[in-house]
Each structure stands twice: as structure tokens, then as C-alpha cells.
Amino acid sequence: MSKLAVSGGEPLLKKFDLPEEMFRWPIQNKESEDAVIDVLRTNRISGNDVTIRFENEFAGWIGAKHAVCATNGTMALEAAFFAAGIKAGDEVICPTKTYWASCLSAQKLGAAVVFANVDPDTVCLDPNDLERCLSPWTKAIVVVHYRAHPCDMDGICAFAKKHGLKIIEDVSHAQGGLYKGKRLGTFGDVAAMSLMSQKSFSAGELGVLVTSDDEAHERALAYLHYERNNEKNITDENLLPYINMPLGAMKGRANQMCAALARVQLKYYDERTAEIRRALNYFWDALEGCPGVHGIRVDESDGSNMAGWYVPHFVYRPEEIDGISFTAFCEAVSAEIGWNVPMGGNFPLHTHPVFQTFDPMGLGKPARIAFAHRDVRELDKALAPSEGILCAEVPYFKKYIPAEIDKIANGFLKVIENHSELIGKKGEDELPKGQWYGKVNKDD
Ligand SMILES: Cc1ncc(COP(=O)(O)O)c(C=O)c1O
């Protein structure tokens, strides 16, 4: 008789009924409500005072000299490209498996994005693929600590130093993570990140850029702001003629209700994420050494390396489990725990037409190569390894409740133990599913 629910057996969980508090995020309390209401009642939504306070606190927390907020992470990243001096004709290397905002705005500045493969074990930029991407026009590397895992910063920084390249870190998935004792976001010349609602550091719709470079700081301020682009903040002679205008041609000022929320979140961030860390390490410990499923995690035991913990996921290795198809495996786990295991992560960006043919300015050439010295799309042919990565999410626990976490881990263990029932079974769709962006509301 079949044991697995997907073949007609009894599911481990009839429905996914883990306590709601295990997934509630961000945690809001009276303090956050009061902080927002204060901004509302004093009519300071469009001001800068609360935002500047948050910027100073955040810079201190992350260990950078400056922080500049923006309306969202996308704007913060665009400002980061400008801050790093990216301009028409430059090439910027970016991992292909990430959210589009990690690099799309570089095209607005006339730069060509060269996509690099990700490491199959971490789904983060593979430093061994950088040489292939390099050209005389390469100016910067975008580093994405994808789904909380710190990138190999030793390898990337060494390469950048050798070739005189800037590093722009996208820390949207990894706030609070550490690499060899140093906070993620402090390795690059500039770092930028999203603090939108679903993120680990979550403050509504907000973005923040950090840097310890004074010139980059001034460039970011001038790009995002008109009223902060003034003689008090700007000393750079190249920028001074252009004060009082936002050089990015868009107003990037943050909504202060979000900045107020962010200040309260920051106060509790380390404490709250310590619990997430405990819960997720407990989950992955339960699956440690299991064939097929490789939790993407770092060894946090001595405290010098830490994940930022965001959308935990695993890499699937069918060759370790009798070639069971990826979709058949995920469908079997979903049937056991009553939770649809999201497969695939972000689609590789180079496969989207916006990076192949889109010509927004009517230049008669795709934006990606409009100002380029070569057709960088040719390099996409080497990205098959990233296209073939099989990864899928597990529930993102925010509370450490071992008995509840066990229920989910047991679903995986049961499928692994009884995987022979799945031999030869095809999943509904053999192609890895994925997404261009995160989850959205049904009404969006
Ligand atoms: C890796 C990454 N970079 C940048 C962003 C863009 O941030 P925002 O949505 O705040 O504009 C996101 C997601 O939201 C992201 O996942």
C-alpha cells in the first residue's frame, strides 16, 4: 500500500494549520503604530527629519559612514549605479538569478548588463565565472546575497581589486547577515536594498543605500533628492552646478511613515531575527545529510558567518535520490504538508525579452546594448548552468516552535524515505517553475 499522500496514502498534515504567529511578519506593536501616527498627526509625511534619523541609526547599525533612504529598493539601487559612477558604454556584471531590480536600472544610465552564472550550491554569484564576463569596459560587479546567503566575498573582492572594478551590493535579501564577522552591505563601494513589506527588514515601501565613500554619498543624495541636493550637503565640484534638482530626474524621497516604521523595526531587528535564525537552523538540522535536498544555509556556529534569513530554500539533487523528478518530489511534499512548495526561485533574468529586445528609447537597438561596445547578449549562451538550477522554497518560520517545525521537516523526511514510490513519476510540469518577482496579492 502506498504511504505517500500523492499516491493515495494518508497525508502527514490534513491541512497546513501551523499557528499564524509563526509566519506573521513584520511584527508591529503599539510602538510602531505610535511612530506612524505621530508622523501623520504632525503632517510630516513628506519631510526628512524622521528619515535622516533613521539613516543615521541604520548606518551605525550596519557599519557604514552614510545611509540615504529612497522610495523603494529599486530607486536605491538605481542611485547606487549613479553613485558608483556607472555611465553609458560601461558594462556591469550581475548574477542572472536574481530579482530584476538588481540590475535593470543600470540600462537607464546606458550601461550594458553582462549576466554571470550563480554557484549551484549557494545560488549566489559564482566568482569563477567573472573572468568570462570581463572586458575592457567592465566597471562594476553587482553582488546579490541571494535569499539570505552571503556571497563569496573573498573571491569577488579579490577579483574586483585585481581589475579595478567597483562592487555594488544588493542586500535586499540579507539584512543582518555576516561574512567573516563583517556585515553584508559593507563590502561594496555602495550597497542598496529594499525594505519593502515582505522583506526580512521590513518597513512598508522603503529603500536604503549605504556607503562609506563621501563622493558616492553625495552622488546618491544628488540623484535621489532635490531639496537635499544643496550646498550644505554637496561639495563635489562636478555636482555643485546642478544643485536643487534631482539628478535622477525622479523624486526619490521616502515616505516618513515608512521611515518611522523602520526606526522601530531596527530597534528590535537583531532580537527578532535571532529567533528566525534559531527556527530555520533547527529546520535545516532536521534535514541535514538527507539525499536530494540541500538546504541553503551557512555554518553559523561560531557567529562569524550568518545568513540574513529570507525566503529559505534548498537545491534539489535528483541524482542522489534515484532521479526522482523535481516536480514530482515537490508535489509529493506539498501533498504531505498541505502547503504548495514554490519551485524555481527567480527566473534567470537573461531569459526575459526586456534584456534581449526591448528598445524603450527608440534607438533602433535593444536598450541592453544601445551604448555597448559589443553585443553582450552573446555571452548569455554560457548561462545554461544557472537555467538548470533546481531550487524550491520551504516555509519561512519566524518563531522557534520545534513541535510545529517538526511537522514540516517530517513531510520532507517522509517523501525522501519513501521516494521509491515516485520512481518514473512525472510531475505536472517537468520544467522548473519560477517567478519574475515575489508573491503578489490576488487582486494586484
Ligand atoms: C534582490 C532584490 N533587489 C531589489 C529589489 C527591489 O526592491 P523594491 O521592491 O523595494 O523596489 C527586490 C525586491 O523587492 C529584490 O528582491
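Which residues have the most contacts inside the largest nonpolar core? Keep that one in mind as you go through these close-ups of a predicted model.

**View 1. Inside the largest nonpolar core.** This core has 129 residues, and A79, A80, V92 and L209 are the ones with the most contacts inside it. Helix α7, residues 256–287, chips in the largest share, with 11 residues. Wondering about the background? In soluble globular proteins, nonpolar side chains tend to be buried together.

**View 2. Zooming in on V92.** Which residues does V92 touch, leaving out those up to four places away in sequence? There's quite a list: I86, C103, A106, A111, V113, V114, K139, A140 and V142. V92 is also one of the residues with the most contacts inside the largest nonpolar core.

**View 3. A sheet of 7 strands.** Follow the strands across this open sheet and you get the order β1-β9-β8-β5-β4-β2-β3, with mixed pairing. At the edges sit β1 (66–70) and β3 (112–116), each pairing on one side only. Going from one strand to the next, the twist averages 20 degrees. As a reminder, strands of a sheet pair through backbone hydrogen bonds, either parallel or antiparallel.

**View 4. Where β2 meets β3.** Parallel or antiparallel, how do these two pair? Strand β2, residues 91–95, and β3 go parallel, and 5 bridges link them. Look for E91 here: its bridge partner in β3 is A112.

**View 5. Helix α6 against the sheet.** Made of residues 214–224, helix α6 lies across β1, β8 (190–194) and β9 (207–211). The helix runs at about 15 degrees to β1.

**View 6. Around the ligand.** How many residues surround the ligand? The answer is 15, and the closest are N72, G73, T74, Y99 and S194. Helix α3 (residues 73–83) gives the largest share of this shell, namely 3 residues. Sort the shell by character and you find 9 polar residues, 5 nonpolar ones and 1 charged.

**View 7. A sheet of 3 strands.** Here's another open sheet, in the order β10-β11-β12, and its pairing is antiparallel. Its edge strands, β10 (293–295) and β12 (391–393), each pair on one side only. On average, neighbouring strands here are turned by 35 degrees against each other, ignoring direction.

**View 8. The β10 and β11 pair.** Strand β11 covers residues 313–316 and pairs with β10 in the antiparallel sense, over 3 bridges. Which residue in β11 does H294 stand opposite? Find V315, and you have the partner.

Notes:
Residues numbered from 1 in each chain as written. Predicted model: local features only at pLDDT ≥ 70, side-chain atom pairs only at ≥ 80, totals over all residues. Pairing = 2+ DSSP bridges. Helix = DSSP H or I, 4+ residues; strand = E, 2+ residues; numbered from the N terminus. Axes fitted to C-alpha atoms, helices over the stretch in contact; angles between N-to-C directions. Near = placed C-beta within 6 Å. Nonpolar A, V, L, I, M, F, W, Y, C, P; charged D, E, K, R; others polar. Core = buried A, V, L, I, M, F, W, Y, C linked by C-beta atoms within 7 Å. Buried ≥ 20, exposed ≤ 12 C-beta atoms within 10 Å, placed from the backbone. Contact = placed C-beta atoms within 7 Å.
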